[in-house]
Amino acid sequence: MKVLKFGGTSVGSLEALRRAAAIVRQELPAGGLVVVSALSGTTDLLLEAIRLAAGGDGEGALACHAALIRRHEGLARELGLEAELRDAWRPLLEGLGRSLEGMAMLGEASPRARDGVLAAGEGLAARLLAVLLAREGLPAQFRDVREVLKSDARHGRARPDLARTHAAAGAWRAHLAEGRLFVTQGFLGEAPDGAPATLGRGGSDTSAALLGEALGASDVQIWTDV
């Protein structure tokens, strides 16, 4: 069983997504795990939305939210996946809007709230690639990384909890051994209270390696556009 991780530029355009799908088909014919980052530029846009919301500029924050929706919906339209992704993305996008509105009302953004907003980028990208792979005839399914990757509550620089991660990985190991293909988020873990906790810079590569080790993968491949 292999783990493939794709960075933001490797899933950030129509051509990149199609190339990623072809790589998955070639490398994971008997199933495995795909870990993805947010589409290129998404995290920067979310950070700007957080900055504006924390400063009380709800209108500016929601303008960033609208730009994020346009970017993702435009890519879904190019791929012919609008209908399939509409329902998959709706809870994430609606929750993101509510979070930004709440930050703007309070005029502040706690580390926990920041991580909740930042987590949306990887969630959108992972669902997009899972739907694309399924349309390509692969047995792909989105699974939330927080089912397996556990961490402490140091939001923004969370430290993975290896013992809890190993204990939680059993169900995924069994499914992947049956030939299933899971697509999940990089960069994130689950804090003890169930909230998303980001692992900090380089977190997507780190999470792919942690998942590969916990799942007993034969290798972990980090794919980039360079």
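Q: Two strands pair if DSSP finds at least two bridges between them. In what sense do strand 2 and strand 4 pair, and over how many bridges?
A: The model is predicted: local features need pLDDT of at least 70, side-chain atom pairs 80 or more, and totals for chains, interfaces and linings use all residues. Residues are numbered from 1 along each chain, and side-chain values use heavy atoms, without hydrogens and water. Strands (E, at least two residues) and helices (H or I, at least four) are DSSP runs numbered from the N terminus. Strand 2 covers residues 32-36 and strand 4 covers residues 181-185; their pairing is parallel, over five bridges.

Q: Which residue of strand 4 is the bridge partner of Val 35?
A: Look along the pairing of strand 2 with strand 4. Val 34 stands opposite Val 183. For Val 35, the partner is Thr 184.

Q: Which helix packs on the sheet and touches strand 2 and strand 4?
A: The helix spans residues 170-177. Its direction makes about 140 degrees with that of strand 4. Angles run from 0 to 180 degrees between N-to-C directions of axes fitted to C-alpha atoms, for helices over the stretch in contact; contact means heavy atoms within 4.5 Å. The element is helix 7.

Q: At about what angle to strand 2 does helix 8 run?
A: Helix 8 lies across strand 1, strand 2, strand 4 and strand 7. Its run relative to strand 2 is at about 165 degrees.

Q: In what order do the five strands of the open sheet lie?
A: The pairing throughout is parallel. The edges are strand 3 (140-142) and strand 7 (219-223), each pairing on one side only. From one strand to the next, the twist averages 20 degrees. The order is 3-4-2-1-7.

Q: Which residue stands opposite Val 183 from the side of strand 3 (140-142)?
A: Strand 3 and strand 4 run parallel, joined by three bridges. Val 183 in strand 4 also stands opposite Val 34. The residue facing Val 183 here is Phe 142.

Q: Why is strand 4 described as largely enclosed by the rest of the structure?
A: In a regular strand, side chains alternate between the two faces of the sheet. Leu 181, Val 183 and Gln 185 point one way from strand 4, while Phe 182 and Thr 184 point the other way. Buried means under 20% relative accessible area (1.4 Å probe, protein chains only). Strand 4 is largely enclosed because its buried residues number five of five.

Q: What is the phi of Phe 187?
A: Most residues other than glycine have a negative phi. Phe 187 sits in the loop between strand 4 and strand 5 (188-190). Phe 187 is buried, at 14% relative accessible area. Although not a glycine, Phe 187 has a positive phi of about 80 degrees.

Q: Which residues are closest to the centre of the largest pocket?
A: A pocket is an open set of 1 Å grid points where a 1.4 Å probe fits, with protein on both sides within 12 Å along at least five of seven lines; lining residues have an atom within 4 Å of a point. The largest pocket has a volume (space filled by probe spheres set on the points) of about 570 Å³. Its lining holds 24 residues, the closest to the centre being Ser 37, Thr 43, Glu 122, Phe 187 and Gly 202.

Q: Which helix gives the largest share of the lining of the largest pocket?
A: Three helices each supply at least two lining residues: helix 2 (42-54), helix 5 (111-135) and helix 8 (203-215). The largest share is four residues, from helix 2.

How values were computed: Buried means under 20% relative accessible area, exposed over 50%, partly exposed in between (1.4 Å probe, protein chains only).
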